[in-house]
Amino acid sequence: MALEHAILVSLLEKPGSGYELARRFERSIGYFWTATHQQIYRVLKRMENDGWVAAREVPQQGRPDKKEYSVADLGHAALSSWLHEPIEPESVRHDLAVKIRGAAFDDPAGLVREVERHRRAHTDRLAHYLAGEERDFPPAPGGPPDAERELQHVVLRGGIAYERMMIAWLDDVLATLRRF
């Protein structure tokens, strides 16, 4: 996936400035697709030049005007085209898994601290996802489903399931390493 597609999705969810877009990447999309502020601004400029996004000046009191971006027709078409293209299933490339296998040729117990560090990171991310789910997706009071909201939530549920799976796997790794 190109950064352009992640930006288009974010702007379709809610138009915003480059700064606001970068903040959204830090809060949500960034857990699945990362980009620096500089990358976002550079790509936004290119997308504007290519006609994928439109920018309008928004006056602000006490601050310089800001550019608010929204998706233009060409951007909708580009996203639609990309959404209909097949993509390759993601392969697993996992440095920690290689280290774990390599520990058989060194000191397996020496890897415990590193695996514990990874487990803490996944536990922290899971707590963050769960807090976001509680904040952003309280139980709905019936009514017709909202596709945008439901699809955002299903991606978050995937992140929650992934973190739970990683924690369970790391618990298994720790139990195995501690036997040596």
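Biologist: How many helices and strands does the protein have?
Modeller: This is a predicted model. The elements run α-α-α-β-β-α-α-α-α from the N terminus on. The totals for the protein are 7 helices and 2 strands.

Biologist: What is the radius of gyration of the protein, and what would a compact globule of 180 residues have?
Modeller: Along the principal axes, the C-alpha atoms fill a box of roughly 65 × 45 × 40 Å. A compact globule of 180 residues would have a radius of gyration near 16 Å, whereas the value for the protein is 21 Å.

Biologist: What share of the 180 residues counts as buried?
Modeller: A residue is counted as buried when its relative accessible area is under 20%. Of the 180 residues, the share that meets this cut-off is 31%.

Biologist: How much area does the protein expose, and what part of it do carbon and sulfur atoms supply?
Modeller: The protein exposes about 12,400 Å². The part of this area supplied by carbon and sulfur atoms is 55%.

Biologist: Which residues make the nonpolar surface patch of about 360 Å²?
Modeller: One member, Leu151, is placed in helix α7, which spans residues 147-177. The patch of about 360 Å² is made by Leu151 together with Phe32, Val154 and Val155.

Biologist: Why does Leu151 count as exposed?
Modeller: The cut-off for an exposed residue is a relative accessible area over 50%. Leu151 counts as exposed because its relative accessibility is 55%.

Biologist: Among contacts between residues at least 6 apart in sequence, what percentage joins residues at least 24 apart?
Modeller: A contact here requires heavy atoms within 4.5 Å. Among the contacts between residues at least 6 apart, the portion joining residues at least 24 apart is 59%.

Methods. Residues numbered from 1 in each chain as written. Predicted model: local features only at pLDDT ≥ 70, side-chain atom pairs only at ≥ 80, totals over all residues. Heavy atoms only, no water. Patch = residues over 30% accessible without salt bridge, like charges linked within 9 Å, V, L, I, M, F, W, Y side chains within 5 Å. Areas by Shrake-Rupley, 256 points an atom, 1.4 Å probe, with all protein chains shown as cover. Salt bridge = Lys/Arg side-chain N within 4 Å of Asp/Glu carboxyl O. Helix = DSSP H or I, 4+ residues; strand = E, 2+ residues; numbered from the N terminus. Buried < 20%, exposed > 50% of the residue type's maximum accessible area, 1.4 Å probe, protein only. Rg over C-alpha atoms; globule rule 2.2 N^0.38 Å.
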